[in-house]
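Here's a quick briefing to read with the model open beside you. Take a look at the fold before going through the points below.

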Amino acid sequence: MGKNAIINGSCQVAQRSAPTITAGYQYGQVDRLACMADGTPTAGTIAQAATTLLGSTGYASNISGLTTGAGGVAHWRYRIESRDCQRFIDQAAVYSAKVYHNVGSNINYTITINIASAQDNFAAVTEKAKLSDVSVSTATETTLIFSVDDIGSCGNGIEIVVDATCGAVTTKDFYITEF
């Protein structure tokens, strides 16, 4: 059993077609990773990218060609099942990911770690920790790192949400990999 509880964090497994992004979470082409966008998205897909823009695996989850209005935020969500969380109860935890975007200016990223309120039931979650307003330059691979001293009572499941606050954008791309 390794330290990493994230399955497919390298984004190499993609077994679905790439759906159009919406204002509600849905699973995209990369297995186990759900995405959505705020700001009334009107275009974009949730795809797997074969890319050399970031990371070393050659693959990333790509919110591709996103067009959305004011209040635009691109979201990725990953959930770890309760059986895989037991070893993390009351332990220190670190989440990291490599991100990239082509918005044309710096945008802020946020990482939120939530705990499921019931075993493998994420209908209600409690926020455990948040890292806000990490500035990410346009067209630059950036590694986000978030350390939590004590993840606490996380045995019901862990939800990790990464947000890219982009505002109104037209046909922009957002990538994440190696999480």
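**Cysteines first**

Searching the whole structure turns up zero disulfides. Keep in mind that this is a predicted model. The cysteines come first, then the overall fold, then a few residues worth finding on screen.

**Why no disulfides?**

- Why doesn't C35 form a bond with the closest cysteine sulfur? That closest sulfur belongs to C11 and sits 9.2 Å from the sulfur of C35, which is too far for a bond.
- C35 is also buried, and its relative accessible area is 0%.
- For C154, the closest cysteine sulfur is in C85, at 5.2 Å, and that too is too far for a bond. A disulfide here needs the two sulfur atoms within 2.5 Å, so the 5.2 Å between C154 and C85 rules one out.
- C154 is buried as well, with 0% relative accessible area.

**Overall fold**

- What is the chain built from, in helices and strands? There are eleven strands and zero helices.
- Walk along the sequence and you get the pattern β-β-β-β-β-β-β-β-β-β-β. The chain is as compact as a globular protein of its length, because its radius of gyration is 15 Å, close to the 16 Å that the globule rule gives for 179 residues.
- The C-alpha trace spans about 40 × 30 × 30 Å along its principal axes.
- Among contacts in the chain with a separation of 6 or more, 72% are between residues 24 or more positions apart.

**Surface, burial and charge**

- Of the chain's 179 residues, 48% count as buried.
- The accessible surface adds up to about 8,000 Å², and carbon and sulfur atoms make up 46% of that.
- On the charge side, the chain carries 11 positive and 15 negative charges, and the mean positions of the two sets are 4 Å apart.

**Two buried threonines in strands**

- T67 belongs to strand β4, which covers residues 59-68. Is T67 buried or exposed? It is buried, with a relative accessible area of 16%.
- Leaving out residues up to four places away in sequence, T67 touches T40, P41, T42 and A43, along with V169, T170 and T171.
- T112 sits in strand β7, residues 107-118, and counts as buried at 8% relative accessibility.
- With residues up to four places away in sequence left out again, T112 is in touch with E127, A129 and K130, plus E159, I160 and V161.

**Backbone spots to check**

- Most residues other than glycine have a negative phi.
- R32 goes the other way: its phi is near 75°, a positive value in a residue that isn't glycine.
- Where does R32 lie? Look in the loop between β1 (26-27) and β2 (34-38).
- R32 counts as partly exposed, at 28% relative accessibility.
- E178 isn't a glycine either, yet it has a positive phi of about 50°. You'll find E178 in the segment after β11 (169-177).

**To recap**

- The chain has eleven strands and zero helices, and the search of the whole structure found zero disulfides.
- T67 and T112 are buried, whereas R32 is partly exposed.

Terms used: Residues numbered from 1 in each chain as written. Predicted model: local features only at pLDDT ≥ 70, side-chain atom pairs only at ≥ 80, totals over all residues. Heavy atoms only, no water. Helix = DSSP H or I, 4+ residues; strand = E, 2+ residues; numbered from the N terminus. Rg over C-alpha atoms; globule rule 2.2 N^0.38 Å. Buried < 20%, exposed > 50% of the residue type's maximum accessible area, 1.4 Å probe, protein only. Contact = heavy atoms within 4.5 Å. Areas by Shrake-Rupley, 256 points an atom, 1.4 Å probe, with all protein chains shown as cover. Lys, Arg positive; Asp, Glu negative; His and termini not counted. Charge placed at Lys NZ, Arg CZ, Asp CG, Glu CD.
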